[in-house]
Amino acid sequence: MGLFTKDIKTMNDLFVHQLQDIYYAEKQLTKALPKMAEKAADKELRQGFLKHLDETKMHVQRLEQVFQMHGAEIKAVTCPAIDGIIKEADETAGDVADKRVLDAALINAAQAAEHYEIARYGSLIAWAKQLGRNDCAAILQKTLDEEKATDQKLTALAEGKINLKAAS
Ligand code: FE
Ligand code: FE
């Protein structure tokens, strides 16, 4: 976005801009997830992060596909929101001494990222449909379903054992 010009004029401009934003976010997450996996003490949590890393690489590819289908340049624009979520996760993780408490903190951080993605993909899908791009919406929906499933798995892990271990 320019400082003196308002570059986003139409809903289509907004759609493309938010695609660029989430494209940046997904790419940042492909760098953050291996580090989170490395920090996780619980084996299932670590594997969960690695599985979502694979899915996230696919999310990047799907976005590239949507850019191409929509005739837009494949481009990332800095997303300060995801940078903030990742930065806060790093800072909190650095402050946690106990590795079981750290697992609870890692889940918390990961869910912040998932909820961010869920919010953004929800709007992108609605806008794609409004713009007559049901084809793009269908691709984005696959990613949204994976984000939601990941969020639910993280909740199940936290409530199933990680929180219990962290509290004991
Ligand atoms: Fe994603
Ligand atoms: Fe995700």
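## Contacts around Phe 15

Two residues are in contact when heavy atoms of each lie within 4.5 Å. By this criterion, and leaving out residues up to four places away in sequence, Phe 15 touches Val 66, His 70, Leu 124, Trp 127, Ala 128, Leu 131 and Leu 140. The structure described here is a predicted model.

## The nonpolar cores

Phe 15 belongs to the largest nonpolar core, which has 30 residues. Together with Leu 19, Ile 82, Leu 124 and Leu 140, Phe 15 is among the residues with the most contacts inside this core. Five helices, namely H1, H2, H3 (80–95), H4 (99–130) and H5, each supply at least two of the core residues. Helix H1 provides the largest share, with 9 residues.

A second core, separate from this one, has 18 residues. Ala 40, Phe 49, Ala 89 and Ala 110 are included in this second core.

## The first iron site

Which residues hold the iron ion (ligand 1) as protein donors? They are Glu 26, which donates through two OE atoms, His 59 through ND1, Glu 117 through OE and Glu 147 through OE. These donor atoms lie 2.1 to 2.3 Å from the iron ion (ligand 1). Along the chain, the donors follow the spacing E-x32-H-x57-E-x29-E.

Glu 26 lies in helix H1 (residues 11–39) and Glu 147 in helix H5 (residues 134–167), so this pair ties together parts of the chain that are 121 residues apart in sequence. Glu 26 counts as buried, at 0% relative accessibility. Glu 147 is likewise buried, with a relative accessible area of 0%.

## The second iron site and the bridge

The iron ion (ligand 2) is coordinated by His 52 through NE2, Glu 114 through two OE atoms, Glu 117 through OE and Glu 147 through OE, at 2.0 to 2.6 Å. The spacing of these donor residues in sequence is H-x61-E-x2-E-x29-E. His 52 is located in helix H2 and Glu 114 in helix H4, so the pair ties together parts that are 62 residues apart in sequence. His 52 and Glu 114 are both buried.

How far apart are the iron ion (ligand 1) and the iron ion (ligand 2)? The distance between them is 3.3 Å, and Glu 117 coordinates both. Glu 117 therefore appears in the donor list of the iron ion (ligand 1) and in that of the iron ion (ligand 2), forming a bridge between the two ions.

## An aromatic pair and a buried acid

The structure holds 1 aromatic pair. Tyr 23 and Phe 67 form this pair in an edge-to-face arrangement, with 5.5 Å from centre to centre and 80° between the planes. Tyr 23 lies in helix H1 and Phe 67 in helix H2 (residues 43–69), so the pair ties together parts that are 44 residues apart in sequence. Tyr 23 counts as buried at 4% relative accessibility, and Phe 67 counts as buried at 0%.

Helix H1 also contains Asp 21. Is Asp 21 buried or exposed? Asp 21 is buried, with a relative accessible area of 6%. Apart from neighbours within four places in sequence, Asp 21 is in contact with Val 77, Cys 79, Tyr 116 and Arg 120.

## Cysteines and disulfides

A disulfide is a covalent bond between the sulfur atoms of two cysteines. How many disulfides does a search of the whole structure find? The search finds 0 disulfides. Cys 79 is buried, with a relative accessible area of 0%, and Cys 136 is also buried, at 0%.

Note on methods
Residues numbered from 1 in each chain as written. Chains lettered and ligands numbered in written order. Predicted model: local features only at pLDDT ≥ 70, side-chain atom pairs only at ≥ 80, totals over all residues. Heavy atoms only, no water. Disulfide = S-S within 2.5 Å. Buried < 20%, exposed > 50% of the residue type's maximum accessible area, 1.4 Å probe, protein only. Donors = N, O, S within 2.8 Å, 3.2 Å for Na, K, Ca; no water. Helix = DSSP H or I, 4+ residues; strand = E, 2+ residues; numbered from the N terminus. Phe/Tyr/Trp six-rings, centres within 6.5 Å; stacked < 30°, edge-to-face > 60°. Core = buried A, V, L, I, M, F, W, Y, C linked by side-chain atoms within 4.5 Å.
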